[in-house]
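Here are three short exercises to work through with the structure open beside you. Try each task before reading its solution.

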Amino acid sequence: MTACRPLARYCSSVWRALPLGLASLLLAGCAPWSQGNPANTRPSLEFDARHYELRQIEVNGQTLAVRAYENIVYVARPADARYERMNLYVPEAYFKGGSVGGFTARTAPIFLPNEVGGYMPAEPARLGGRQGPGEPPGAPPPGAPMAGPGAPPPGMERPNTLAVALSQGFVVAAPGARGRTQAQGKAPAAIVDLKAAVRYLRYNDERMPGDAERIISNGTSAGGALSALLGASGNSVDYQPWLDELGAAPGRDDVFAVSAYCPITNLEHADSAYEWLFAGLNDYQKIEISMLDYKVQRKPVAGTLTPEQIRLSRELKAAFPAYLNSLQLRGPEGQVLSLDSQGQGAFRQYLSSLLVASAQQALDQGQKLSGMSWLTLRDGRVVDLNLEGYLAYAGRMKTPPAFDALDLGSGENQLFGNARVDQQHFTDFGMAHNTSPGATRADPQQVALMNPMHYIGRAGVRTSAHWRIRQGTKDRDTSLAVPVILASALRQQGASVDLALPWDRPHSGDYDLDQLFAWARQISLSR
Ligand code: DHB
């Protein structure tokens, strides 16, 4: 890595002057980024431990020495080397026979955070900030919130998850992935990239510290969805043609565990799941995202559903019980999680009980819940929650259909485009109610490749055994039914699932690093 620096810096300084097409061509050939490969050769799939930069990082007042191996291109024939690369960070102690947090070079779990937001292209997370020679022209300056709906609001940038992971002895492998704004970044590109990164780690397990049988994936929102999909679809042959095209390492791509914050997933059913909860709430507050002086602007825009939208909402809500019942889910106590045709029943009660448990935890931690008239408190216990009251408090954010927009205007419509068509519908409902002239529908197989629900328990697939799923009670980006369905389906297949709906948390992730890494540690040690 050190030998590559001058060229990397050169790439960086000329970057902004180049047209995008030429820039990506140059990038693909900018082989020195990939681990000391001589220029004009294909990226090697063999990890070379000799080329790194030694860094000292500060975590909680402690200094930790870390070897940084940055910009490793993880496939032999990258479609876009700006994104198909990863940053690898290893505690220096692991090269000297030492241990960190009770782990050694052989036993350290590998923390795999993706930075995907809004299904946009994502560069690999970087220790100490987001940047690198591969910044596209016009990218926000380092430290600015990332583009897309996944961007944290200004002033709420995430803590450095990577540094905390390293301080607790995890090896960190942070992959980038292509995204929906690129012609070759449509579904399933991002998941194919993450799988290729996992294969690279396993292929090189003997050459690098960390245990590739203990990979723990992490992501938020669209990144949480990809994290869940990675965990659900391990080794599925469905992705093989794309992996072959990229020259991904041979081998397995299942991962040990999944952390998923507010996964925007199960997109085929997310519209009806949204209306199952929010139908009847006609006022909404959307977030409009724009760019001004390279800064992401997030503006709340209030509105009221039109009569036509209210009709769509009712229709979508009515479709949800049949879908939910088809899954034949059971709750943690074995109760059948069904719904009647009105959308009432055990599944709704289970969701309410999770909200009550969350409120109780908040109360136990000293939060004041007294102003919330839809909660019934008695002797320090939360004894009841009126779901309608809670929903009015949380508020609707999206208009129906929340994901498969009838005018093809959503990010998800763009995710399911292809090399020729930028945006497509991906549900029968969206297609049937389409308002965009000439609109087409994505191949259902392309859509299924993005949905973990299709892979859980499927023959020939290895689904992760350990899951941690979080979605805040103030998160309206998708229905709370989505993570609850995912968790229930996983439990039914024997996975151990830690599901919680943190109280009053909006759409966000990585806000509870102590608990996240305590969980990651505990599952890694219980072999
Ligand atoms: C994200 C948020 C959304 O509301 C959505 O529809 C897709 C992705 C995100 O934050 O990644």
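pLDDT is the predictor's confidence in each residue, on a scale from 0 to 100. You will want it here, since this is a predicted model.

**Exercise 1. Find out how confident the model is along the protein chain, and where pLDDT falls below 50.**

Solution. Start with the whole chain: its pLDDT averages 88, and 86% of the residues score at least 70. Next, look at residues 1-34, where the pLDDT is below 50; this stretch has 57 contacts in the model beyond near neighbours in sequence. Then turn to residues 129-159: pLDDT stays under 50 there too, and the model has 67 contacts beyond four places in sequence for them. Finally, a caution: where pLDDT is low, the predicted coordinates should not be read in detail.

**Exercise 2. Describe how helices α9 and α10 pack.**

Solution. First locate α9 at residues 346-364 and α10 at residues 387-394. Their axes lie 11 Å apart, at an angle of about 60°. α9 and α10 are therefore oblique to each other, and their crossing is left-handed. Now list the contact: α9 contributes Arg 348, Ser 352 and Leu 355, while α10 contributes Leu 387, Glu 388, Tyr 390 and Leu 391. Sorted by character, the contact residues are four nonpolar, one polar and two charged.

**Exercise 3. Which residue forms a salt bridge with Lys 186, and which parts of the chain does the pair link?**

Solution. The structure holds 27 salt bridges. In one of them, Lys 186 pairs with Asp 422, with the closest N and O atoms 2.6 Å apart. To place the partners, find Lys 186 in the loop between β5 (171-175) and α4 (189-203), and Asp 422 in the loop between α11 (411-415) and α12 (428-432). The pair thus links distant parts of the chain, 236 residues apart.

Key: Residues are numbered from 1 along each chain as its sequence is written. This is a predicted model: local features need pLDDT of at least 70, side-chain atom pairs count only at pLDDT 80 or more; totals for chains, interfaces and linings use all residues. Side-chain values use heavy atoms; hydrogens and water are left out. Axes are lines fitted to C-alpha atoms, for helices over the stretch in contact, and angles run from 0 to 180 degrees between N-to-C directions. Helices (H or I, at least four residues) and strands (E, at least two) are DSSP runs, numbered from the N terminus. Angles under 35 degrees count as roughly parallel, over 145 as roughly antiparallel, 65 to 115 as roughly perpendicular and the rest as oblique. A crossing is left-handed if the near helix is turned anticlockwise from the far one by less than a right angle, and right-handed if clockwise. Contact means heavy atoms within 4.5 Å. Ala, Val, Leu, Ile, Met, Phe, Trp, Tyr, Cys and Pro count as nonpolar, Asp, Glu, Lys and Arg as charged, and the others, Gly among them, as polar. A salt bridge is a side-chain nitrogen of Lys or Arg within 4 Å of a carboxyl oxygen of Asp or Glu.
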